[in-house]
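Open the model in your viewer and keep the selection tool ready. We will go residue by residue.

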Amino acid sequence: MLTAHFYHAGCTVCVSAEETLLNHLSPNVKVEVVHLGEHPNRVAEAELAGVKSVPALVIDGNVLHINFGASIEALK
C-alpha cells in the first residue's frame, strides 16, 4: 500500500482540499493527514519533503501543492 502525506494548517482552504482529496483518492493509498498548526515539530519534515505551501500532498516523492492556504515560512 502506498502512503501519502497531506500537510495543512487547518485553514478553510486546507480543510476543503482535505475533504475533497480524501474522497477521491484510491483506497490503495493510505493518507496521513498532518496538521502543522497542531504539530509544528513536523514543519521541518514537510520542508524536507519539498513542501513550499499548504495544503500539499506528498505522494511517491512528488509534492502536489493544492491551492494556497499558507506558506511553509508562515508556519515556522
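Start by selecting Glu-18, which sits in helix α1, residues 12-24. Helices (H or I, at least four residues) and strands (E, at least two) are DSSP runs, numbered from the N terminus. This is a predicted model, where local features need pLDDT of at least 70, side-chain atom pairs count only at pLDDT 80 or more, and totals for chains, interfaces and linings use all residues. Residues are numbered from 1 along each chain as its sequence is written, and side-chain values use heavy atoms, without hydrogens or water.

Is Glu-18 buried or exposed? Glu-18 is buried (under 20% relative accessible area, 1.4 Å probe, protein chains only) and has no salt bridge. A salt bridge here is a side-chain nitrogen of Lys or Arg within 4 Å of a carboxyl oxygen of Asp or Glu. Show Arg-42, the nearest side chain of opposite charge: it is 12 Å away. (Lys and Arg count as positive, Asp and Glu as negative; His and the chain ends are not counted.)

Next, select Tyr-7 in strand β1, residues 2-8. Tyr-7 is buried, at 2% relative accessible area. Its side chain makes a polar contact with the side chain of Glu-45, at 2.6 Å. (That is a pair of N or O atoms within 3.5 Å; within protein, one must be able to donate a hydrogen and the other to accept it, and residues adjacent in sequence count only if both atoms are side-chain atoms.) Now add Leu-57: it lies 50 residues from Tyr-7 in sequence, but 6.3 Å away in space, C-alpha to C-alpha.

How values were computed
Buried < 20%, exposed > 50% of the residue type's maximum accessible area, 1.4 Å probe, protein only.
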